[in-house]
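Here are a few exercises to get you acquainted with a new structure. Have a go at each task before you read the worked solution.

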Amino acid sequence: MTDVAGLRVGHATRVGDGWLTGTTVVLAPEGGAVAAVDVRGGGPGTKETDALDPRDVVQRVDAVVLTGGSAYGLDAASGVMAWLEERGRGVPVGPDPAHVVPVVPAACVFDLGRGGDFRARPDAATGRAAVEAAAASAPGAPVPEGCVGAGTGAVAGQLKGGVGTASTVLGPGITVAALVVVNAAGAVLDPETGVLYGELFQGRVAYPEERVHEAARERLAKAAAGNAPPPLNTTLAVVATDAALTKAQAQKLAGTAHDGIARAVRPVHLLHDGDTVFALATGDRPLDAHPLALNDILAAGADLVTRAIVRAVRAAGPVDGPGGVWPSYAQLYGEG
């Protein structure tokens, strides 16, 4: 994600003493970024997404918050807003330069009780910690992946989920990147072969040995039998580019990026999912005026979401605690 110049990412992670949750913030450069959103899940938990409609007045956002804690965790956005307000970043709404309203859309994943304490969830302080971590990071700094930030308590089917990120540079020099929090009700793993669905689209499929796969299936079944069925789940993504996009173009990017989730998670976009994709455009590079110039960015966005989901699942570590047992893909099948 940080390969898109000007964007920074910070995580706040809470683990232990009943906690297994966190918050991730994608911080836009000063002046903000053009933004849009596409919500496909039937059970979303979001904040300020209506403001991103291309028909509405808001043009740019200052940060995007992805958080655990279900709807309670949306409080994390308040901490991010407070941090931005203290620095005069936001939409001017009065004669005093300090009179601003930061635009901070947010979306949450369901991880309540996975650390053992149902009431252990992100709040404004967690959001502030995440945005401070983003601001303190160096430009282009690597983004920690796996069980961090909003992916701390994430689950992918019966596997441990987490945070993943990926990027590419297109022919005209335009950078496209994706950051995903994988907390899916659907499976990311083909039950017949043990291959991650997302890897089928990457041309690098290494099928596990039959004995390894059988042992993994037995371990997953045992873990699933002891876990409460997940009532709500969500895969969240932020797709970003340094191209100059309109809000309408950004909304198209957010929509097509959902194809990347559908390649890697089966089933997807169900009534108990809250699948949500944000799109950000910093505008540093002009987009060709040809009406089809956006196509390469749209295709890349979907591909990168798939790659980021695979990276998230592969980077995640196992959890065996009071809230449940979720093996990791690496634990079952090796690093690959």
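**Exercise 1. Check the length of helix H3 against what a helix should span.**

Keep in mind that this is a predicted model. Start by counting: helix H3 covers residues 210-226, which makes 17 residues. Next, at 1.5 Å a residue, such a helix should span 24 Å. Finally, compare with the model: the end C-alpha atoms are 25 Å apart, which agrees.

**Exercise 2. Work out which side of H3 faces inward and what covers it.**

First, pick out the residues under 20% relative accessible area, the cut-off for buried. In H3 you'll find His213, Ala216, Leu220 and Ala223 buried. Now look down the axis of H3: its buried residues fall within an arc of 90 degrees, so they line one face of the helix. Then turn to the face pointing away from that buried side, where the exposed residues Glu210, Arg211, Glu218, Lys222, Ala225 and Gly226 sit. Last, see what lies over the buried residues of H3: the cover includes strand S11 (159-160), strand S17 (324-326) and helix H6 (329-333).

**Exercise 3. Place Glu199 and decide: is it buried or exposed?**

Begin with where it is: Glu199 belongs to the loop between strand S13 (175-183) and H3. Then take its relative accessible area, which is 8%. Buried means under 20%, so Glu199 counts as buried. To see its surroundings, skip its neighbours within four places in sequence; Glu199 then touches Arg204, Val205, Val310 and Arg314.

**Exercise 4. Trace the five-strand open sheet from one edge to the other.**

Write down the order first: S1-S2-S6-S9-S4, with mixed pairing. The edges are strand S1 (8-16) and strand S4 (46-47); each has a single partner strand, so one side of each is left without a neighbour in the sheet.

Now go pair by pair:

- S1 and strand S2 (residues 19-27) run antiparallel and are joined by nine bridges. Arg8 stands opposite Leu27 in S2, and Gly10 has Val25 as its bridge partner there. The hairpin of S1 and S2 has two residues between the strands, and Asp17 takes a positive phi near 55 degrees.
- S2 and S6 are also paired in the antiparallel sense, over five bridges. Here Thr24 is opposite Leu66 in S6.
- S6 and strand S9 (residues 106-108) run parallel, with three bridges between them. Leu66 stands opposite Ala107 in S9.

**Exercise 5. Find out how well covered strand S6 is.**

Count along residues 63-67: five of the five residues of S6 are buried. Next, sort them by direction. Ala63, Val65 and Thr67 point one way from the strand, while Val64 and Leu66 point the other way, and all are buried.

**Exercise 6. Step back and judge the chain as a whole.**

Begin with the parts list: the chain has six helices and 17 strands. Its radius of gyration is 19 Å, close to the 20 Å that the globule rule gives for 336 residues, so the chain is as compact as a globular protein of that length. For the outline, its C-alpha atoms fill a box of roughly 65 × 45 × 35 Å along the principal axes.

Then look at burial: 56% of the 336 residues count as buried. The accessible surface comes to about 13,500 Å², and 53% of that belongs to carbon and sulfur atoms. To finish, take the contacts between residues at least 6 apart in sequence: 78% of them join residues at least 24 apart.

Methods. Residues are numbered from 1 along each chain as its sequence is written. This is a predicted model: local features need pLDDT of at least 70, side-chain atom pairs count only at pLDDT 80 or more; totals for chains, interfaces and linings use all residues. Side-chain values use heavy atoms; hydrogens and water are left out. Helices (H or I, at least four residues) and strands (E, at least two) are DSSP runs, numbered from the N terminus. The expected span of a helix is 1.5 Å times one less than its number of residues. Buried means under 20% relative accessible area, exposed over 50%, partly exposed in between (1.4 Å probe, protein chains only). The arc is that of the directions from the helix axis to the C-beta atoms. Contact means heavy atoms within 4.5 Å. The radius of gyration is taken over C-alpha atoms; the globule rule is 2.2 Å times the number of residues to the power 0.38. Accessible areas come from the Shrake-Rupley method with a 1.4 Å probe; for residues, only the protein chains shown count as cover. Two strands pair if DSSP finds at least two bridges between them.
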